[in-house]
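Here is a quick tour of the model shown below, written for someone who would rather look at side chains than read a log file. Have the structure open while you read.

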Amino acid sequence: MRDRLRVLAEERGTTITQLLEELASRELTRAEREERAAEAARELGIEYSEQVRQAGQDAWAQIRAHQGGAAA
């Protein structure tokens, strides 16, 4: 993993530390994802219920499966 990070950093002309900071700043926390999902539901006029939350999680799991990724 360290070798991969080094290559990625070199390709971007940065350091591994800066690369990790950039990647971490783009990734949302669980709370941030929940907040954005609730906001999107409000904008769509949908009550953000447990059923809607679960349907959203299921949809993203399917998308990740088709992309070959496992990250939540």
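## Charges first

The chain has 11 positive and 14 negative side chains, and the centres of these two sets lie 5 Å apart. Keep in mind that this is a predicted model. How many salt bridges does the count come to? The answer is three.

Here they are, with the closest N to O distance for each pair.

| Pair | N to O distance |
|---|---|
| Glu10 and Arg6 | 3.4 Å |
| Arg26 and Glu22 | 3.4 Å |
| Arg53 and Glu50 | 2.4 Å |

## Going through the pairs

Start with helix H1, which covers residues 2–12 and holds both Glu10 and Arg6. The two sit four residues apart, or about one turn of the helix. That spacing suits a side-chain contact: an α-helix has 3.6 residues a turn, so residues three or four places apart point the same way. As for solvent, Glu10 counts as exposed because its relative accessibility is 52%, over the 50% cut-off. Arg6 comes in at 37% relative accessibility, so Arg6 is classed as partly exposed.

Helix H2 (residues 16–26) has a pair of its own. Arg26 and Glu22 are four residues apart there, which means about one helical turn separates them. Arg26 has a relative accessible area of 54% and is exposed, while Glu22, at 36%, is partly exposed.

The third pair belongs to helix H4, residues 50–67. Here Arg53 and Glu50 are three residues apart, again about one turn of the helix. Is Arg53 buried or exposed? With a relative accessible area of 18%, Arg53 falls under the 20% cut-off and is therefore buried. Its partner Glu50 is partly exposed, with a relative accessible area of 49%.

## The helices themselves

Stepping back, the chain has four helices and zero strands. Read along the sequence, that gives the pattern α-α-α-α. The radius of gyration is 17 Å, whereas the globule rule gives 11 Å for 72 residues; the chain's value is well over that, so the chain is more spread out than a compact globule. Along its principal axes, the C-alpha trace spans about 45 × 25 × 15 Å.

Two of the helices can be checked against a ruler. Helix H3 takes in the 15 residues from 30 to 44, and at 1.5 Å a residue it should span 21 Å. Its end C-alpha atoms are in fact 21 Å apart, which agrees. H4 has 18 residues and reaches 26 Å from its first C-alpha to its last, close to the 26 Å expected at 1.5 Å a residue.

What follows each of these two helices? After H3 comes Gly45, with a positive phi near 75°. Just after H4, Gly68 also takes a positive phi, of about 80°.

One more residue in H3 is worth a look: Arg30. Arg30 counts as exposed because its relative accessibility is 66%. If you want a distance to try in your viewer, go from the C-alpha of Arg30 to that of Ala40: they are 15 Å apart in space and ten residues apart in sequence.

## Surface and burial

How much of this chain is buried? Of its 72 residues, 8% count as buried. The chain exposes about 6200 Å². Carbon and sulfur atoms supply 52% of that exposed area.

Back to the charges for a last look: among the residues in the salt bridges, Arg53 is buried at 18%, while Glu10 is exposed at 52% and so is Arg26 at 54%.

Notes. Residues are numbered from 1 along each chain as its sequence is written. This is a predicted model: local features need pLDDT of at least 70, side-chain atom pairs count only at pLDDT 80 or more; totals for chains, interfaces and linings use all residues. Side-chain values use heavy atoms; hydrogens and water are left out. The expected span of a helix is 1.5 Å times one less than its number of residues. The radius of gyration is taken over C-alpha atoms; the globule rule is 2.2 Å times the number of residues to the power 0.38. Buried means under 20% relative accessible area, exposed over 50%, partly exposed in between (1.4 Å probe, protein chains only). Accessible areas come from the Shrake-Rupley method with a 1.4 Å probe; for residues, only the protein chains shown count as cover. Lys and Arg count as positive and Asp and Glu as negative; His and the chain ends are not counted. The place of a charge is taken as NZ of Lys, CZ of Arg, CG of Asp or CD of Glu. A salt bridge is a side-chain nitrogen of Lys or Arg within 4 Å of a carboxyl oxygen of Asp or Glu.
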